[in-house]
Each structure stands twice: as C-alpha cells, then as structure tokens.
Amino acid sequence: MSKENSKQNLKKKIIVTVVILVAVLLVMYIMTLLLPLISLHLNEKQEEEGTADFKFYTPDFNEDIFEDEEYMALIADGILKYDNSANSVVPINSNNAKEYGDAVEFLVDFVDAIVHGDHGRYNSFFSNEYFKTHTQKDKFTMQKIYDGTISYYSAESVSKNGDNYTKYIYKLSYSIWENNGTFRTDIGEDQKTQYIVITDREGSLKIDAISTSKYK
C-alpha cells in the first residue's frame, strides 16, 4: 500500500471516529434534556395510576366486608364526612347527601360503588373525555373504605369550543382497611387526597379527571 493510500485511510478513520464521537455527544446531550421530562412523566403516571411498592393483603373476591367486625367498628360513625367550608364537618351518606348539592351526592354514590366493588358502576361515573387517556377499571373487590372526607374546592362556569358547562373540583380523601391492591396500589394504610374534576358537559355529572396534584 502506498503512502498516499495510507494517509487517505487514516484520514477516513479519523473522520469516522470524529463523526461517531460527535453523534455520541449529541445523543448524551439530548438525553440530559429529555431525562427530567421523562422522569416527570413517570412520576405523574405513578401518582395517578399507582405503582408504589406496598405490601397488600390477599384479595378475596367472595368476601362480604360488612361481615368484618373490625371494619364495621371503623365505620360505626359512617364511612364519609363532608367538609362544607363553613367550619363544620358533618357525617354524610346517601340519605342526606342531596342536601349539599348534586356534586356531593354524585361523589357519595361514587364512593359507594368503590365500597361495593362494583367496577361497572364505577366506570359509569367517568366521562368520554376521561376515557380518551384512561382505560376502564377492571374487576376489584369490595373496598374497606373508612375515615373518608369530601371537601368543596371550587366551581366555575366554563365556555369552551362552543360548549357551556359547570366545572366542579372536590377533594376526596379516605383510607382503605386491609388494602389488597385490586383497586388502588398507590396507598397502603395511609390516606391520600385526590382532586376530582366533575363537569356536566355531557348532560349529566361525570368525572373528567382525578389527580393527587393540587389544581389551581
């Protein structure tokens, strides 16, 4: 091989090496920009869908939770309370929920569907808007919900894309006794508040979004 050919080959190798090095550095730079966004997206996904590592009880789809004496003792004063933002918290159930408005009655029924493990009824509380980005809930057991609180957060009239509707936001918090993870995997024995966005854009009250992040 001539000296001229050797120089040409060496030059090609140097160019290829430089190109590869630049490409690697460019990929590394792009990843440094994307990683925070990817991490944020995953955290939001974990927060919404629940992927935390908790030790759950063994599911029993045949269990009638109202035969559990320990659970019944926990809900002796009721499953839910309503914080009406008037310095008063009152027990609330299907018998008196209507007194506090349609949205509150809606949420009491929503929780009742969860308690009874009725996934079909549970799914019916959500809007078409919600299911654009979520799948319907699969079968889950009766849930031993206790120490629950519904709190008013905000309400506003919205005009958007030719639609006029009311948007409500309520806070819902509760604990699950002996949580088996068939319904929620983002909590163990603790309690976490959810912000629930309800609208009547589809002609009746439906849930458009649920998040543990505070709405503004």
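User: So helices (H or I, at least four residues) and strands (E, at least two) are DSSP runs, numbered from the N terminus. How many of each are in the protein chain?

Analyst: This is a predicted model, and its protein chain has four helices and six strands. Read from the N terminus, the order is α-α-β-β-α-α-β-β-β-β.

User: What share of the residues is buried?

Analyst: Of the 216 residues in the protein chain, 31% are buried. As for contacts with a separation of 6 or more, 59% are between residues 24 or more positions apart.

User: OK, strands. What does strand 1 pair with?

Analyst: Strand 1 covers residues 80-83. Strand 2 runs antiparallel to strand 1, and four bridges join them. Strand 3, residues 145-160, runs parallel to strand 1, also with four bridges.

User: Which residues are the bridge partners of Tyr-82 and Leu-80?

Analyst: Tyr-82 has Val-90 of strand 2 as its bridge partner. For Leu-80, the partner is Gly-148 in strand 3.

User: And which face of strand 1 is covered?

Analyst: The covered face holds Leu-80 and Tyr-82, while Lys-81 and Asp-83 are on the uncovered one.

User: Staying with Tyr-82, what aromatic pair does that residue form?

Analyst: The structure holds 15 aromatic pairs. In one of them, Tyr-82 and Tyr-100 are tilted, with 5.1 Å centre to centre and 55° between the planes. This pair links distant parts of the chain, since Tyr-82 sits in strand 1 and Tyr-100 in the loop between strand 2 and helix 3, 18 residues apart.

User: Why does Tyr-82 count as buried, and what about Tyr-100, buried or exposed?

Analyst: Tyr-82 counts as buried because its relative accessibility is 5%, and the cut-off for buried is under 20%. Tyr-100 is at 25%, so it counts as partly exposed.

User: Which residues form the aromatic cluster?

Analyst: One cluster is made of Phe-106, Phe-110, Tyr-122, Phe-125, Phe-126, Tyr-130, Phe-131, Phe-140 and Phe-183.

User: Changing topic. What is the volume of the second largest pocket?

Analyst: The volume of that pocket is about 290 Å³. It is lined by 16 residues, and those closest to the centre are Ile-79, Ile-92, Asn-93, Ser-94 and Asp-112.

User: Which element supplies the largest share of that lining?

Analyst: Helix 3 does, with five residues. Strand 2 (89-92) and helix 3 (102-115) each supply at least two residues of the lining.

User: How many of the lining residues are nonpolar, polar and charged?

Analyst: The lining of the second largest pocket has eight nonpolar residues, four polar and four charged.

User: Next, backbone. What is phi of Asn-161?

Analyst: Phi of Asn-161 is near 50°, which is a positive value in a residue other than glycine. Asn-161 lies in the loop between strand 3 and strand 4 (163-176). With a relative accessibility of 74%, Asn-161 counts as exposed.

User: And where is Glu-178, and what is its phi?

Analyst: Glu-178 is in the loop between strand 4 and strand 5 (192-199). Its phi is near 50°, again positive in a residue other than glycine. Glu-178 is partly exposed, at a relative accessible area of 22%.

User: Back to strand 3. Tyr-146 is in there, so what is that residue in contact with, leaving aside its neighbours within four places in sequence?

Analyst: Tyr-146 is in contact with Tyr-71, Leu-74, Ile-75, Ile-79, Tyr-174, Ser-175, Ile-176, Trp-177 and Glu-189, with those neighbours left aside. Tyr-146 counts as buried because its relative accessibility is 15%. Its C-alpha atom is separated by 9.7 Å from that of Ala-76, 70 residues apart along the chain.

User: Last one. Where is Ser-127, and is that residue buried or exposed?

Analyst: Ser-127 is in the loop between helix 4 (119-123) and strand 3. Its relative accessibility is 0%, so Ser-127 counts as buried. Leaving aside neighbours within four places in sequence, Ser-127 is in contact with Glu-202, Lys-206, Ile-207 and Asp-208.

Definitions and conventions:
Residues numbered from 1 in each chain as written. Predicted model: local features only at pLDDT ≥ 70, side-chain atom pairs only at ≥ 80, totals over all residues. Heavy atoms only, no water. 1 Å grid on protein atoms, 1.4 Å probe; cavity = no way out; pocket = protein on both sides within 12 Å on 5 of 7 lines; lining within 4 Å. Points joined across faces, edges and corners; volume = space filled by probe spheres on them. Nonpolar A, V, L, I, M, F, W, Y, C, P; charged D, E, K, R; others polar. Buried < 20%, exposed > 50% of the residue type's maximum accessible area, 1.4 Å probe, protein only. Pairing = 2+ DSSP bridges. Phe/Tyr/Trp six-rings, centres within 6.5 Å; stacked < 30°, edge-to-face > 60°. Contact = heavy atoms within 4.5 Å.
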